[in-house]
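Colleague: Could you take me closely through one part of this model, the nonpolar core, and then through a few residues that can be set beside it?

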Amino acid sequence: MGKFNGIKINKLSLKPYIKNYLKDNKLFLITFYGLFIFVFAFSLFVVLNYESECNHDNYYVLLMNCDYGFLKVTLKYLLYNLLFAFCATLTYRKKFAFAIMYFAVTFIAYRLAVNIIGSWCSTFAINLINAALFYFPIFLIFVITIVTIICYINDKYLYCSGSCPVTLKKTLCFSLLVYMVTSILIAVFTIALPLIFKRILF
């Protein structure tokens, strides 16, 4: 049994909590993740026509050639994640600021397509590993960071006027918690998995 935002989490309370979370945030979950998938798919189609002009790192090729900088790559994507977490937090009690984050998700989806196509420069297996176990999960984590913070703010602040049940300090703490958890996930894909593949295959 644990505790999260004043809600005791056990087998009896976890299911209704998840159900209520999905119900309360259905609009944001559908629109943000739907936008991400749509823009990514559309961008893949567009970027394929400009494939020769795209040139991005294939991190598993770098790993094979012993040129992969674990610390450098991890810090790079942790900083990106921090930026998106910070931007999502800025929507605190700003109803129209939510729209800006739709542009952020659109940009993430587009850049994901560009990076995948631009790094498709090795064998099919290596390219697929790089796309499926590096770029796609990391960029999806960026979106998860944004949407999780947005949903929290939506639940606590979107419709409040004079006083809100949670302070800005608690919002910042929640955003920091989301950042820490998603950053651990990013480290799995930038450090743990590359280390495993390096030992097994390279």
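Modeller: What follows starts with the core and then turns to individual residues. The model is a predicted one, and its largest nonpolar core has 50 residues, among which Tyr77, Phe134 and Ile146 have the most contacts inside it. Two or more residues come to this core from each of α2 (26–47), α3 (59–64), α4 (70–89), α5 (98–118), α6 (124–157) and α7 (168–200), and the element that gives the most is α6, with 17 residues. In soluble globular proteins, nonpolar side chains tend to be buried together.

Taking Tyr77 by itself, and leaving aside residues up to four places away in sequence, one finds that Tyr77 touches Tyr59, Phe134, Tyr135, Ile138, Phe139, Phe142, Ile186 and Thr190; Phe134, one of these partners, is also named with Tyr77 among the residues with the most contacts inside the core.

Asn58 is a polar residue to consider next, placed in the loop between α2 and α3. Because its relative accessibility is 4%, and buried means under 20%, Asn58 counts as buried. With residues up to four places away in sequence again not counted, Asn58 touches Ser119, Cys121, Ser122, Ile126, Asn127 and Asn130.

Phe107, in helix α5, has a relative accessible area of 49% and is therefore partly exposed, since the exposed class begins over 50%. The C-alpha atom of Phe107 is separated by 8.7 Å from that of Val39, although these two residues are 68 residues apart along the chain.

Conventions
Residues are numbered from 1 along each chain as its sequence is written. This is a predicted model: local features need pLDDT of at least 70, side-chain atom pairs count only at pLDDT 80 or more; totals for chains, interfaces and linings use all residues. Side-chain values use heavy atoms; hydrogens and water are left out. A nonpolar core is a set of buried Ala, Val, Leu, Ile, Met, Phe, Trp, Tyr and Cys residues joined through side-chain atoms within 4.5 Å. Buried means under 20% relative accessible area, exposed over 50%, partly exposed in between (1.4 Å probe, protein chains only). Helices (H or I, at least four residues) and strands (E, at least two) are DSSP runs, numbered from the N terminus. Contact means heavy atoms within 4.5 Å.
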